[in-house]
Amino acid sequence: MVNAATLDRSLLSAPLAPGAALDVRGVSHHYQLKGAPLPVLDNVSLTAAPGEFVALLGPSGCGKSTLLRLVAGLEPPTQGELSVDGAPITGPDPSRVVVFQDPTLYPWRTVWRNAALGLEARGLLRSQRSRVDAALELVGLNGFADAYPHQLSGGMAQRAALARALVNEPRLLILDEPLGKLDSLTRIAMQGELVRLWQREGFTTLLVTHDVEEALLLATRVVVFSPRPARITAEIPVDLAYPRHRDDARLVKLRREVLALLGVGDATV
Amino acid sequence: MSHSLPFAREAPLAFRGPALWWSGLLAASAWALAAFVTHHFPDQSEIVEWTQTGHIAVAQGAIAVTFLVLAVTAPLIPPLWRRIQGLGPWFVALGLFFATWQAVTAKFSLLPMPFFVPPQQLVEVYLDDWARLGESVLASLWLLARGYVLGSAVGFAVGIGLGWSPRFGYWAHPVMRLVGPLPATAWLPLAFFLFPSSASASTFLIALATGFPVAVLTWSGVASVNPDFYDVARTLGAKPRFLVLKVAIPAALPHVFVGLFMGLGASFAVLVVAEMLGVRSGLGWYLSWAQGWAAYGNMYAALLVMALMCSGLITLLFQARDRLLSWQKGVVKW
């Protein structure tokens, strides 16, 4: 196995791939539901500077995930423009990788072969096999390279999905509630790992979540959305140093503000 | 076929069995009874003289002795014990079956005689006619292989096309809906007329019978692939070719194997009918030939061989599946 200390930058991101700049301008989107248009995004404009960690926060089903699909290039927007580093987004690209809420690992492939998917799809696997090992090492799964997905716990499966994304040296990592289905302890552990990965690799990160605390713990900026059709209602810079603590007084105060924006400020149990 | 009884496997802690294998002892008695019936009562045959009766009695006696020895020794040998401990009731039942079979046919003629044959006649058929039976098995296997491979390949391709390409589906779907459900045997009279040889006609019919279930299940397999699997591959830079070969097909394989299994069953049916009606070789032909001569012993002999052949082929298919789909949980053991 490769030594962790020698591999971190040299293998995964040499030459260093810094984060991409994202520009979303005036994007609206609707789906056709039983013949009638169902608006999901309403005139959303958003930018992310290279290396920024932006959390998109809003109620479930508000349309945040749709915005991610547009950024990933899986669908074109009904209206508006999306661009990365000034170039319009016309389709999926391995420099913009999505980690979905479900790990969506291929059950017929081992963890290693799942992580190798991007390289294989682009015909790079033969020459760059070491990148797969490095990515698995990075998420702590190198001992499970030959395991099949059904043998993994939820957290391990999501780590494998993360490794599958990181192998491609993304310049923009798109996270669609990747921790949403994990138990709370695994979730806390993986929040820390996400921040460390982001700090180390320098990619721009877009995280969709409906967990206020998670957004404030991880992101440099939190964008709050309204219920469907999603509009941006607030942008809150989180100017706190990492590592952050969930009982930090400033974070608790921000949390109360954001909850008020979402309409549950006075909720008590 | 592997006899993997779940209980036998889950008792690894019992390193040693009991002092005596009681059902083994019972099996020894049952087989001794069979040997006794075979040896003691005279054959009641007016037409033919069976020559193998004595040999069968000896063989059954030898089996009885073997069980007697096993009843004492098997519990002492853990690997052997794990294999046979669950099978005792079957060994007993088989011994009783042979005793009864012998009694109701050759010994007391309780079943009408030419139609029901005793074991000794079956043995005689295998001894006298093994060459012709063997040839028939090979002929059947060869015909089946041609039709089945052709049908599976075309069915698979059609299924992928239906699941993947709307344009292909536009033309292929209505045709398949009309032609597919028609039993392949309905084509029989026409096929023997249209094709240059009965062999090519039968190959076509077997391929048709195999192709339909394979096509439908491959199609449904491709259609039921989790759409997120495609999204994942697309964001990682996959092209359509990769999506078909590396995502759609592997994801559809469990369905495809159900189709291959159903197609194999259908191909057996068509094989036998085709051989009975047109092809002048194979086990189906052997059966109708035996019927022509009222050689009932030969018919039973051929039926048994056919059952072993079909079961063996299905076992092979399941083994191939277990190999290819080892990543699946909870697959049925054949």
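**Exercise 1.** How many residue pairs are in polar contact across the interface of domain 1 of chain B and domain 2 of chain B?

*Solution.* The model is predicted; local features need pLDDT of at least 70, side-chain atom pairs count only at pLDDT 80 or more, and totals for chains, interfaces and linings use all residues. Residues are numbered from 1 along each chain as its sequence is written, chains are lettered from A and ligands numbered from 1 in the order in which they are written, and side-chain values use heavy atoms, with hydrogens and water left out.

Step 1. Locate the parts: domain 1 of chain B covers 6-115 and domain 2 covers 122-324, with bounds from an automatic or database domain assignment.

Step 2. Apply the rule for a polar contact: a pair of N or O atoms within 3.5 Å, where within protein one must be able to donate a hydrogen and the other to accept it, and residues adjacent in sequence count only if both atoms are side-chain atoms. The rule finds 2 residue pairs between these domains, both at pLDDT 80 or more.

Step 3. Count salt bridges (a side-chain nitrogen of Lys or Arg within 4 Å of a carboxyl oxygen of Asp or Glu): there are 0 between the two domains.

**Exercise 2.** State the area buried between domain 1 and domain 2 of chain B, and the residues of domain 1 that lose the most.

*Solution.* Step 1. Buried area is the accessible area (1.4 Å probe) that two parts lose on being put together, summed over both. For this pair of domains the value is about 540 Å², with 63% from carbon and sulfur atoms.

Step 2. On the domain 1 side, Gln52(B), Pro114(B) and Phe115(B) lose the most area to domain 2 of chain B, together 66% of what that side buries.

**Exercise 3.** Give the strand order of the antiparallel open sheet of chain A, and place helix α2 on it.

*Solution.* Step 1. Helices (H or I, at least four residues) and strands (E, at least two) are DSSP runs, numbered from the N terminus; two strands pair if DSSP finds at least two bridges between them.

Step 2. The order of the 4 strands in chain A is β2-β1-β4-β5. At the edges stand β2 (36-48) and β5 (87-88), each pairing on one side only.

Step 3. Between β1 (residues 22-33) and β4 (residues 79-84) of chain A there are 5 bridges. Arg25(A) stands opposite Glu81(A) in β4(A).

Step 4. Helix α2 (residues 64-72) of chain A lies across β1, β2 and β4, at about 115 degrees to β1(A). Contact means heavy atoms within 4.5 Å; axes are lines fitted to C-alpha atoms, for helices over the stretch in contact, and angles run from 0 to 180 degrees between N-to-C directions.
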